[in-house]
Structures are given as structure tokens and as C-alpha cells.
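This briefing is meant to be read beside the sequence and the coordinates. Please keep both in view while going through the points.

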Amino acid sequence: MLILIAEDDELILKTIEHKLLKEGHEVILTRNGKEAIEKLKEKDVDLAITDIMMPFASGIEILSAIRSVGKKTPVIMLSSMGQEEVVLNAFDLGASDFIVKPFSPNELMLRVKRFMTK
């Protein structure tokens, strides 16, 4: 499965990358929202994992960019902001899942497996 990760925290980015590679997935790493949106225009990914608070374009903008072109790509949103309105807004815009930081990499992998195509 090809998975785009959009995360500006290098430690979290590398942790997610390591876990996904170990599970046999291909990954595209992006460190800001603008870069993520550009990569999504170049490649069809099977899943996107994005932080909400990102430089240059937010995770919400990344999600909107995916949905605005009619793609049904599953999107897992990550955020240290667990406020109800942020979560509800993400789901209203079409987020597939939402994880509050800090999170367990094993929990993330369980959620990723839910979106694997057979």
C-alpha cells in the first residue's frame, strides 16, 4: 500500500515511517502541507496520514484538496488538539479517522489495516 505521511514533527514522521516500512508499505514523506498537496497531485496514494497543524497548508487543507478532486482516498488525521470542533470539522470534510497525539504506533497500525484493500 502506498501511504503519504504529512507531518512536520521529525520524530513522529520517522516513527510512522519506520512502522509502515516494517509492515511492508511504501511511504511518501512530506514535512509541510504544500509539499503534501503537490505529492498528492503527482501520485495516487492508497492512504494519507496527516497532522492538522502543518506549515504552509493545514491538514484540513490537505483533506480538502483530496476531496475537491473527487478522490475517496482514506485520510487519517493526527492532532494534539483534541477539541471536539476540530474533530467534527475533520469528519465533516471527509476524514476517515482521527487520532489524538500522543498515540501508540501500534494503535496507528491497527487503524491503517482497516483501510487496506484486499
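What follows is a short overview and then bullet points grouped by topic.

The model is a predicted one, and the protein chain in it has five helices and five strands. Along the sequence these elements follow the pattern β-α-β-α-β-α-β-α-β-α. The radius of gyration of the protein chain is 13 Å, close to the 13 Å that the globule rule gives for 118 residues, so the chain is as compact as a globular protein of that length.

**Overall dimensions and surface**

- Taken along the principal axes, the box filled by the C-alpha atoms of the protein chain is roughly 35 × 30 × 25 Å.
- Of the 118 residues in the protein chain, 48% are buried, and the accessible surface comes to about 6300 Å², with 53% of that area belonging to carbon and sulfur atoms.
- When contacts between residues at least 6 apart in sequence are considered, 59% of them join residues that are at least 24 apart.

**Charges and salt bridges**

- The protein chain carries 16 positive and 19 negative side chains, and the centres of these two sets lie 6 Å apart.
- Side chains of opposite charge can pair when their charged atoms come close.
- The structure holds nine salt bridges, and the points below describe pairs that involve Lys 101 or lie in helix 1, together with a network.
- Asp 97, Glu 107, Arg 111 and Arg 114 are linked to one another in a network of salt bridges.

**Lys 101 and its partners**

- Lys 101 forms a salt bridge with Glu 7, with an N to O distance of 3.1 Å. Because Lys 101 lies in the loop between strand 5 (97–100) and helix 5 (105–113), while Glu 7 lies in the loop between strand 1 (2–6) and helix 1, the pair ties together parts that are 94 residues apart in sequence.
- Lys 101 also forms a salt bridge with Asp 51, where the closest N and O atoms are 3.1 Å apart. This pair, too, links distant parts of the chain, since Asp 51 belongs to strand 3 (residues 47–51) and Lys 101 to the loop between strand 5 and helix 5, 50 residues apart.
- Burial accompanies both pairings: Lys 101 and Glu 7 are both buried, and Asp 51 is buried as well.
- The peptide bond from Lys 101 to Pro 102 is cis, with omega near -5°, and Pro 102 is found in the loop between strand 5 and helix 5.

**Helix 1**

- Glu 17 and Lys 14 form a salt bridge in which the closest N and O atoms are 3.2 Å apart, and because the two are three residues apart in helix 1, about one helical turn separates them.
- The two partners are not equally covered, for Glu 17 is buried, with a relative accessible area of 16%, whereas Lys 14 counts as partly exposed at 38% relative accessibility.
- Lys 19 is found in helix 1 (residues 10–22) and is buried, yet has no salt bridge. The nearest side chain of opposite charge, that of Glu 23, is 4.7 Å away, which means that it falls outside the 4 Å cut-off for a salt bridge.
- Once neighbours within four places in sequence are left aside, Lys 19 is in contact with Pro 105, Asn 106 and Met 109.

**Asn 32 and Phe 56**

- Asn 32 lies in the loop between strand 2 (26–30) and helix 2 (33–42), and at 15% relative accessibility this residue counts as buried.
- Not counting residues up to four places away in sequence, Asn 32 touches Met 54, Pro 55 and Phe 56. Asn 32 and Thr 50, which are 18 residues apart in sequence, have C-alpha atoms that are 9.5 Å apart in space.
- Phe 56 is found in the loop between strand 3 and helix 3 (59–68), and is exposed, with a relative accessible area of 70%.
- The phi angle of Phe 56 is near 70°, which is a positive value in a residue other than glycine.

Terms used. Residues numbered from 1 in each chain as written. Predicted model: local features only at pLDDT ≥ 70, side-chain atom pairs only at ≥ 80, totals over all residues. Heavy atoms only, no water. Helix = DSSP H or I, 4+ residues; strand = E, 2+ residues; numbered from the N terminus. Buried < 20%, exposed > 50% of the residue type's maximum accessible area, 1.4 Å probe, protein only. Lys, Arg positive; Asp, Glu negative; His and termini not counted. Contact = heavy atoms within 4.5 Å. Rg over C-alpha atoms; globule rule 2.2 N^0.38 Å. Areas by Shrake-Rupley, 256 points an atom, 1.4 Å probe, with all protein chains shown as cover. Charge placed at Lys NZ, Arg CZ, Asp CG, Glu CD.
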